[in-house]
Amino acid sequence: MRLGIISALQEEQQGLVEVMQGAATLVHGMRTYTTGKIAGIDAVCVLSRIGKVAAATTATMLIEKFDVTHILFTGVAGAGDAGVKVGDIVVAEALLQYDIDASPLFPRYEVPLTGLSHFQSDLHLSNIVAGAASGFLETDFETVIDAAERRNFHLVRPRVHRGLIASGDQFISSAGQINALGAALPGLLAVEMEGAAVAQVCFELGVPFAVIRTISDNANEEAAHDFMRFVTAVAACYAFHIVTRFCRDVNGSAY
Ligand code: ADE
């Protein structure tokens, strides 16, 4: 296994490159790819930047130029359901591009000529990352997330959810928008700007992938308020602990 690890923002991958053994970097196409081992797993870490094109390009490069066999996307997302709270974690079962619409030529949300609107993540990889997330919340959460930040963001017994994530080239920051998406997309748990693009590339190239997102906001008018503080003080910590746990668990599993 050679694992590609993608995040949009530097904070969403904080500390991972530093713990890589035998780290080496290569700059290509405005991105820095760092190869090395994390907990014994051969890995390539890269920041995609924000948006579907950036994410699709990055996933393609990882597969075609860096020969990754599996991809893990880790980052933050807005809540897409009232039961999903800031500080919770969503592991994608399927991903959809909510802003693709070639109707009436093709059904709304369908990626033309693939016959698909929902792209499934790899079950085995997703099970391992969801297990790593639960392990983190049960064992590490209270010790590694500062008590003042837990209070500030009202983080009380965060949970792991699994289901639909929708992606689009828009930061959702109005209750009207997120409610409309929730009504249009049954089972929606979270919204972000990259996951479904990675999912489409992985589907087309036959590469198993998983997407894990920490909920940073409610995708309403408050979404941008304290966003970077959350990413730095909370999500960065989640990502580091969950991804390193994930690599340990993958190393101990059938891969
Ligand atoms: N990523 C984190 N929060 C988001 C939001 N509200 N909309 C889109 N992407 C996000």
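Is His154 buried or exposed? In this predicted model, His154 is exposed, with a relative accessible area of 65%. The residue is found in the loop that runs between helix H4 (147-152) and strand S8 (160-167). Its phi is near 55°, a positive value in a residue other than glycine. A positive phi of about 55° also occurs at Asp67, again not a glycine. Asp67 is placed in the loop between helix H2 (52-64) and strand S5 (70-79). With a relative accessibility of 53%, Asp67 counts as exposed because the cut-off for that class is over 50%.

A further backbone feature concerns the peptide bond from Ser103 to Pro104, which is cis, with omega near 10°. Pro104 belongs to the loop between strand S6 (89-97) and strand S7 (119-120).

The interior of the model was examined next. In soluble globular proteins, nonpolar side chains tend to be buried together. Here, the largest nonpolar core comprises 74 residues. Within this core, the members that touch the most other members are Leu62, Ile71, Tyr238, Ile242 and Phe246. Helix H7 (residues 227-251) gives the most to the core, contributing 11 residues. For Ile242, the residues touched are Ile89, Val129, Ala132, Ala133, Phe136 and Ile212, when those up to four places away in sequence are not counted. A second core, separate from the one just described, consists of 13 residues. Tyr98, Ile178, Leu181 and Val191 are among the members of this second core.

The surroundings of the ligand were then considered. The ligand is surrounded by 13 residues, of which the closest are Gly78, Phe171, Ile172, Glu192 and Asp217. Polar contacts to nitrogen atoms of the ligand involve both backbone and side-chain atoms of the protein. On the backbone side, an N or O atom of Gly78 lies 3.3 Å from a nitrogen atom of the ligand. A backbone N or O atom of Ile172 is likewise placed 2.8 Å from a ligand nitrogen atom. From a side chain, a polar atom of Asp217 lies at 2.6 Å from a nitrogen atom of the ligand. Of the 260 Å² of accessible area that the ligand has on its own, 96% is covered by the protein.

Key
Residues numbered from 1 in each chain as written. Predicted model: local features only at pLDDT ≥ 70, side-chain atom pairs only at ≥ 80, totals over all residues. Heavy atoms only, no water. Core = buried A, V, L, I, M, F, W, Y, C linked by side-chain atoms within 4.5 Å. Buried < 20%, exposed > 50% of the residue type's maximum accessible area, 1.4 Å probe, protein only. Helix = DSSP H or I, 4+ residues; strand = E, 2+ residues; numbered from the N terminus. Contact = heavy atoms within 4.5 Å. Near = heavy atom within 4 Å. Polar contact = N/O pair within 3.5 Å; in protein donor to acceptor, adjacent residues only side chain to side chain. Areas by Shrake-Rupley, 256 points an atom, 1.4 Å probe, with all protein chains shown as cover.
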